[in-house]
Amino acid sequence: MENNTCLVSSPSSKLAIHVFFVCAVFIMFSSSMVSSANFLTDIGHTWGGGDRIQILNNGEGIAVSLDETSCSGFQSRDQYLYAKIDLQIKLVSGNSAGTVTAFYLSSIGEFHDEVDFEFLGRVEGDPYILQTNMFIHGVGKREMQFFLWFDPTDDFHNYTILWTPQHIVQLVDGIPIRELKNEKGKRAPFPTMQPMRIYGSIWNADSWATRGGAVKIDWTKGPFRAWFKNLRVDGCLRSHENSKSNCTKSSTSWLSSTLDNKSKQRMKWAHTKYMFYDYCTDTKRFPKGLPLEC
């Protein structure tokens, strides 16, 4: 992983295929199983810094911004092999076309694993699009896209990534919007080996983010700023010295959690009313057959 850079790969379709970038603020978590990151005392090093990084409320949160010179964002120092992460985000208001605000987990390397929340910038008056995506062993193309049932620029909302050996669940304000099950019986790929770090960012993706790239960033509206706060991590730490995860049964009830009937109904509601693209139904995109997990 290169530091102090924004790496952008070419999307392979008009869909918002993930663009891997690095603009990092290292956040040093304690060795305890559950921690609330303080953005004032736990920041180790920054890129895209200066006025682009603003610490809020004595370290409760952080504002990151994008201008013509650089993106900005953060990255956890620690790696996790399974975790439950909650983060509250308030998105760029007004005309944010061409920008992407992201919260995701990722390992590193050519065959990396990744779980994404990506908020695609909008022309003022249009709704934000929330794209979720997953890379497993370096292969993505697992997008699901949603409209939100609220304006994500008015206030903070909570976004959760739950990653266990059984499934990955992404939630918005406690409502599950996506579940990827570990379908070992189908020989479907699932991330079980590579520890991942936590990332948050804002960056330039105007080649594809808004109306398929037709609308570019209007830099006169910048700098573009997003806010993150109340980052909570309940995870199994993977240290550099120890290849095993620091994870105990007494502190990880989430590790064996499943979606109950109420949660499944909420996810069905989100899919019915707000999801408008699901890669698992796109037979034109996968003429040789849908991915195994579908």
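Trainee: Helices (H or I, at least four residues) and strands (E, at least two) are DSSP runs, numbered from the N terminus. How many of each are there in the protein chain?

Mentor: The protein chain has one helix and 18 strands. This is a predicted model, in which local features need pLDDT of at least 70, side-chain atom pairs count only at pLDDT 80 or more, and totals for chains, interfaces and linings use all residues. Residues are numbered from 1 along each chain as its sequence is written, and side-chain values use heavy atoms, with hydrogens and water left out.

Trainee: What percentage of the residues is buried?

Mentor: Of the 294 residues in the protein chain, 52% are buried. Buried means under 20% relative accessible area, exposed means over 50%, and partly exposed lies in between (1.4 Å probe, protein chains only).

Trainee: And what is the accessible surface of the chain?

Mentor: The accessible surface comes to about 13,400 Å², and carbon and sulfur atoms hold 49% of that area. The areas come from the Shrake-Rupley method with a 1.4 Å probe, and for residues only the protein chains shown count as cover.

Trainee: What share of the contacts joins residues 24 or more positions apart?

Mentor: Among contacts with a separation of 6 or more, 65% are between residues 24 or more positions apart. Contact here means heavy atoms within 4.5 Å.

Trainee: Let us move to pockets. How much space lies in the largest pocket?

Mentor: About 310 Å³ lies in the largest pocket. Its lining has 14 residues, and those closest to the centre are Glu179, Leu180, Lys181, Cys280 and Glu293. On a 1 Å grid over the protein atoms alone, a pocket is an open set of points where a 1.4 Å probe fits, with protein on both sides within 12 Å along at least five of seven lines, and lining residues have an atom within 4 Å of a point. Grid points are joined across faces, edges and corners, and the volume is the space filled by probe spheres set on them.

Trainee: Which element supplies the largest share of that lining?

Mentor: Strand β14 does, with four residues. Both β14 (175-181) and α1 (261-274) supply at least two residues each.

Trainee: How do the lining residues divide by character?

Mentor: There are six nonpolar, one polar and seven charged residues in the lining. Ala, Val, Leu, Ile, Met, Phe, Trp, Tyr, Cys and Pro count as nonpolar, Asp, Glu, Lys and Arg as charged, and the others, Gly among them, as polar.

Trainee: Cys280 caught my attention. Which cysteine does a disulfide join to cysteine 280?

Mentor: Cysteine 280 is joined to cysteine 294, with an S to S distance of 1.8 Å. The rule asks for a pair of cysteine sulfur atoms within 2.5 Å, and the count by that rule is one disulfide. Both cysteines lie in the segment after β18 (275-278), so the pair ties together parts that are 14 residues apart in sequence.

Trainee: Why is the disulfide left-handed?

Mentor: The disulfide is left-handed because the torsion about the S-S bond is about -75°. Cysteine 294 itself is partly exposed, at a relative accessible area of 36%.

Trainee: Back to Leu180. How far is the C-alpha atom of leucine 180 from that of methionine 134?

Mentor: These C-alpha atoms are separated by 9.2 Å, while the residues are 46 apart along the chain. Methionine 134 sits in strand β10 (residues 129-135) and is buried, at 0% relative accessibility. Leaving out residues up to four places away in sequence, methionine 134 touches several residues, including Glu114, Ile168, Arg178 and Leu180.

Trainee: Where is leucine 162 found?

Mentor: Leucine 162 belongs to strand β12 (residues 157-163) and is buried at 9% relative accessibility. Its C-alpha atom is 9.4 Å from that of glutamate 179, which is 17 residues away along the chain. Beyond its neighbours within four places in sequence, the contacts of leucine 162 include Ala83, His167 and Trp254.

Trainee: Turning to backbone matters, which peptide bond is cis?

Mentor: The bond from glycine 222 to proline 223 is cis, with omega near 0°. Proline 223 lies in the loop between β15 (197-204) and β16 (224-238).

Trainee: What is the phi of asparagine 57?

Mentor: Asparagine 57 has a positive phi of about 50°, although it is not a glycine. It lies in the loop between β4 (53-56) and β5 (61-66) and is exposed, at 58% relative accessible area. Lysine 141, also not a glycine, has a positive phi of about 60°. Lysine 141 is placed in the loop between β10 and β11 (144-147) and is partly exposed, at 39%.
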